[in-house]
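Please open the structure in your viewer and keep the selection panel at hand. The tour below goes from one stop to the next, saying what to select and what is there.

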Amino acid sequence: MTVNDIKRIIQQLPELPAMPNVVAIALDVMKDPKASVKKLCDVISNDQAITTEILKVVNSAYYGLPQQISTINQATALLGFNKVRNLILSCAVKPMLMSHGGKTLWEHSIKTAIGADLIGKSLGRSDADECFVFGLLHDVGKIVFELYNKSAVQEVDRLVTFGADRSAAEKMMFGFDHSEAGDELITKWRLPKMIRSCVKYHHKPHLSDSPVL
Ligand SMILES: [Fe+2]
Ligand SMILES: [Fe+2]
């Protein structure tokens, strides 16, 4: 299977989701040190669904904040820019992962994001802030298989429970694995090169330009 074959399959999928606009904007704001918190808050505030979801999480018992938070600006002042940005990214991507990969993919992605963030920080990496988004999106290619052929995904899962390597099982069933599918999705969505590299090489980091990442 060539890259063009994978591209063709992805192009033909009937309900391939668009990457939420908010994600690209949140990533741009992260890249530009001059970008203000206000700019990000303004963009998010235009998306009522994400705003509601973020405020629900911020006001949950988990954060234990002493007062009710009613705006993204307030949340940022109390929790800090990075926490709120990660929340924005999570809330923006969650519906897509949940509807095409179920709870399992969502939980795996958010756990990886939190783990990657912690590891990035403990290594003192200058790009530690971006590790969260790399973790969040690393397995996004799996949604292609869900849309393409659900029963083949069940067969992959079955093979994995018997000890098969997931990438090998996917290659057998589809001709390509979720890293390659993810690479194509990230390219299609025009997300930054570094995210593409992390998605493409997350099962063989030694081939990447940035193997530690
Ligand atoms: Fe993976
Ligand atoms: Fe994974």
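**A tour of the iron sites**

Begin by selecting His138, which is buried, since its relative accessible area is 10% and buried means under 20%. Keep in mind throughout that the model is predicted.

With His138 still selected, add the iron ion (ligand 2), which is coordinated by the NE2 atom of His138, by NE2 of His108 and by an OD atom of Asp139, at 2.2 Å. Written along the chain, these donors follow the spacing H-x29-H-D. Colouring by secondary structure helps here: His108 sits in helix 6 (residues 81-122), while His138 sits in the loop between helix 7 (128-137) and helix 8 (142-148), and the two, 30 residues apart, link distant parts of the chain. His108 counts as partly exposed, at 36% relative accessibility, whereas His138 is buried.

Which residue bridges the iron ion (ligand 2) and the iron ion (ligand 1)? Select Asp139, and you will find that this residue bridges both ions, which lie 3.5 Å apart.

Now move to the iron ion (ligand 1) and select its partners, which are Asp139 through OD and His178, His202 and His203 through their NE2 atoms, at 2.1 to 2.2 Å. The spacing of these donors along the chain is D-x38-H-x23-H-H. His178 lies in helix 11 (residues 178-188) and His203 in the segment after helix 12 (193-200), so this pair ties together parts that are 25 residues apart in sequence. If you turn on the surface, compare these two histidines: His178 counts as buried, at 1% relative accessibility, and His203 is partly exposed, with a relative accessible area of 47%.

Why is the site of the iron ion (ligand 1) called irregular? The angles among its four donor atoms run from 84 to 172°, and because four donors count as tetrahedral if all angles lie between 85 and 135 degrees, this site does not count as tetrahedral. The site is classed as irregular.

For the last stop, leave the iron ions and select Ile119, Leu123 and Val212, which make a nonpolar surface patch of about 320 Å². Within this patch, Leu123 is placed in the loop between helix 6 and helix 7. Leu123 is exposed, because its relative accessible area is 54% and exposed means over 50%.

Technical notes
Residues numbered from 1 in each chain as written. Chains lettered and ligands numbered in written order. Predicted model: local features only at pLDDT ≥ 70, side-chain atom pairs only at ≥ 80, totals over all residues. Heavy atoms only, no water. Donors = N, O, S within 2.8 Å, 3.2 Å for Na, K, Ca; no water. Tetrahedral: all angles 85-135°; square planar, octahedral: opposite > 155°, others 65-115°. Helix = DSSP H or I, 4+ residues; strand = E, 2+ residues; numbered from the N terminus. Buried < 20%, exposed > 50% of the residue type's maximum accessible area, 1.4 Å probe, protein only. Patch = residues over 30% accessible without salt bridge, like charges linked within 9 Å, V, L, I, M, F, W, Y side chains within 5 Å. Areas by Shrake-Rupley, 256 points an atom, 1.4 Å probe, with all protein chains shown as cover. Salt bridge = Lys/Arg side-chain N within 4 Å of Asp/Glu carboxyl O.
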